[in-house]
Amino acid sequence: MNTPYSIVGDWGTSRMRLFRIVAGSVVDRIDGPGIGTLDTSPADALLRAMAPWRSQHPPTHVVLCGMAGARSGLAEAPYAACPVDAAAWAGHAQRLLLDGIRIAVAAGLACTRADGTPDVMRGEETQIFGALHRLPALAQGRRVLALPGTHSKWATLEDGAVREFHTLPSGELYALLRDHSTLTRVGDDPGGEATGFEAGLAGARAGRGLLGSLFQARSAQLRAGHTRGWALGYLSGLIIGCEVEEMLGRHPDSGLIVLIGDPTLTARYRRALDARGIAVELHDGDACALAGLHRFEESLSWK
């Protein structure tokens, strides 16, 4: 007898993660290429990724979030405008039929911040609503959530609804400087990364400014005997520290920041926040994403 299963997935720019769900539990996982790296259409890429499971028997349905809903993705799911709660977000899903399989693609979020600046996210909202699903207490009152990553998001929640958010491309900036600048190309010694990270955090806390501090990654190697590893750590600490300082300036009354993401990365942000005396609550990004996908899946009618 074929056991019924569904598929939920987080399909971003750089990677695809599909999970096979049986009776509410993950029983298998498949990783694949991100939307931004495909050599074929998104539809063909998804069918190819699901082929090992479909060869046994097809899923009841598929639920996707992230860049699967972008203009260049599987099917464009228009942004849900803030303020928005989980129910309203789910109501913006885009549905389609692909080779006989019912698919729902989650919408991203869009906001206009208090300063009139527009902002968007795709994928992080699933982690946010997943965190709310796992920890209902987060839906009480005003909360500030930080989701570090390539494009870090700092979201303000009020009674469980996303009010507004800020995007800071900290991870992308670090990768560009690491791979395409002259700042770290003096040597190749990988040692000293932890010390460099602390130095970068200290520079950010001292208010020396991001642009005015970046070149120290190079000059400290040439004149102070520091290593390339120190320089990479310094850049990471400086960029993360400056992000934290900027966001704390926008949220001066926040006694607690909820961090959601990869444990290695959130540990760095926790270090920056600890140094500023800010309490932190940590949540695993993958667990929150799965909880958000489960919540999204449950909210949909498949009749």
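A residue counts as buried under 20% relative accessible area, as exposed over 50%, and as partly exposed in between, with a 1.4 Å probe and protein chains only. The model is predicted: local features need pLDDT of at least 70, side-chain atom pairs count only at pLDDT 80 or more, and totals for chains, interfaces and linings use all residues. Residues are numbered from 1 along each chain as its sequence is written, and side-chain values use heavy atoms, with hydrogens and water left out.

**Exercise 1.** State what share of the 303 residues is buried, and set the radius of gyration against the globule rule.

Solution. Step 1: 49% of the 303 residues count as buried. Step 2: the secondary structure amounts to 10 helices and 14 strands, where helices (H or I, at least four residues) and strands (E, at least two) are DSSP runs numbered from the N terminus. Step 3: the radius of gyration, taken over C-alpha atoms, is 21 Å, close to the 19 Å from the globule rule, so the protein is as compact as a globular protein of that length. The rule is 2.2 Å times the number of residues to the power 0.38. Step 4: the C-alpha trace spans about 70 × 45 × 35 Å along its principal axes.

**Exercise 2.** Describe the largest nonpolar core and the surroundings of Leu109.

Solution. Step 1: a nonpolar core is a set of buried Ala, Val, Leu, Ile, Met, Phe, Trp, Tyr and Cys residues joined through side-chain atoms within 4.5 Å. Step 2: the largest has 57 residues, and Leu46, Leu109 and Val162 have the most contacts inside it. Step 3: helix α1 (residues 42-54) gives the largest share of this core, six residues. Step 4: apart from this core lies another of 17 residues, including Val144 and Leu248. Step 5: beyond neighbours within four places in sequence, Leu109 has contacts (heavy atoms within 4.5 Å) with residues including Cys82, Trp89, Phe129 and Val162.

**Exercise 3.** Locate the cis peptide bond and the positive phi values at Ala23 and Asp99.

Solution. Step 1: most residues other than glycine have a negative phi, and most peptide bonds are trans. Step 2: the bond joining Cys82 and Pro83 is cis, with omega about 0°. Pro83 is in the loop between β5 (80-81) and α2 (86-90). Step 3: Ala23, with phi of about 50°, sits in the loop between β2 (15-22) and β3 (25-33) and is exposed at 79% relative accessibility. Step 4: Asp99 has phi near 50° and lies in the loop between β6 (94-98) and β7 (101-105); its relative accessible area of 53% makes Asp99 exposed.
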